[in-house]
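The following exercises concern one protein chain and are to be solved from its sequence and coordinates. Each task is followed by a stepwise solution.

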Amino acid sequence: MMFNDTPQARELIRFLATRDAQLIWPSDPHRGGGAIMANETVDAAAYGDPISRKIAGIVHSDRPMCFDASDAMPPAMRNAFSRAVLEYLNDPGRLTGLLDKLDAIHAGIPQTAWLDLPCGDKETQE
């Protein structure tokens, strides 16, 4: 993320997006893996562990990705879900009431508003 739009900041962002720069992070032995590069030309061999290689393969595939359940929810449900998660974290004793509220919101959303997205295939869900 660039906080100040300066020529130097733009040059750094341009460099960070290059294949050469993106080869540094996934192979850094001090990080222990976990960095997934946006640049699709970074070869899977650059990733230091099999889990990072598999994640990179999924991220760079053409399959639809869902990071959590809210990715397939209509906006009203997604907003209520996000708020309910935060409210639950603030007060776990409210779980039943929060779930009831989510059920009521769900019931008021037409079936046609829901997305029918396959979030990966069986292999990626294991």
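**Exercise 1: A salt bridge at Asp-5**

Asp-5 is exposed, with a relative accessible area of 56%. The model is predicted: local features require pLDDT of at least 70, side-chain atom pairs count only at pLDDT 80 or more, and totals for chains, interfaces and linings use all residues. Residues are numbered from 1 along each chain as its sequence is written, and side-chain values use heavy atoms, with hydrogens and water left out.

Task: Determine with which residue Asp-5 forms a salt bridge.

Solution.
1. The criterion for a salt bridge is a side-chain nitrogen of Lys or Arg within 4 Å of a carboxyl oxygen of Asp or Glu.
2. Arg-10 is the partner of Asp-5, and their closest N and O atoms lie 2.6 Å apart.
3. Arg-10 is partly exposed, at 39% relative accessibility; buried means under 20% relative accessible area, exposed over 50%, and partly exposed in between (1.4 Å probe, protein chains only).

**Exercise 2: The network at Glu-87**

Task: State whether Glu-87 is buried or exposed, and identify the network to which Glu-87 belongs.

Solution.
1. Glu-87 has a relative accessible area of 15%, so this residue is buried.
2. A salt bridge links the side chains of Glu-87 and Arg-83 (2.7 Å, N to O).
3. The two residues are about one helical turn apart, because four positions separate Glu-87 and Arg-83 in helix α4; helices (H or I, at least four residues) are DSSP runs numbered from the N terminus.
4. Arg-83 is exposed, at 56% relative accessibility.
5. Through salt bridges with shared partners, Arg-83, Glu-87 and Arg-94 form one network.

**Exercise 3: The packing of α4 and α5**

Task: Describe how α4 and α5 pack, and name residues that make the contact.

Solution.
1. The axes, which are lines fitted to C-alpha atoms over the stretch in contact, have angles that run from 0 to 180 degrees between N-to-C directions.
2. For α4 and α5 the angle is about 180 degrees and the axes are 10 Å apart.
3. α4 is therefore roughly antiparallel to α5, a class that covers angles over 145 degrees.
4. Contact means heavy atoms within 4.5 Å; among the residues involved are Ala-80, Glu-87 and Tyr-88 of α4, and Leu-95 and Leu-102 of α5.

Technical notes. Angles under 35 degrees count as roughly parallel, over 145 as roughly antiparallel, 65 to 115 as roughly perpendicular and the rest as oblique.
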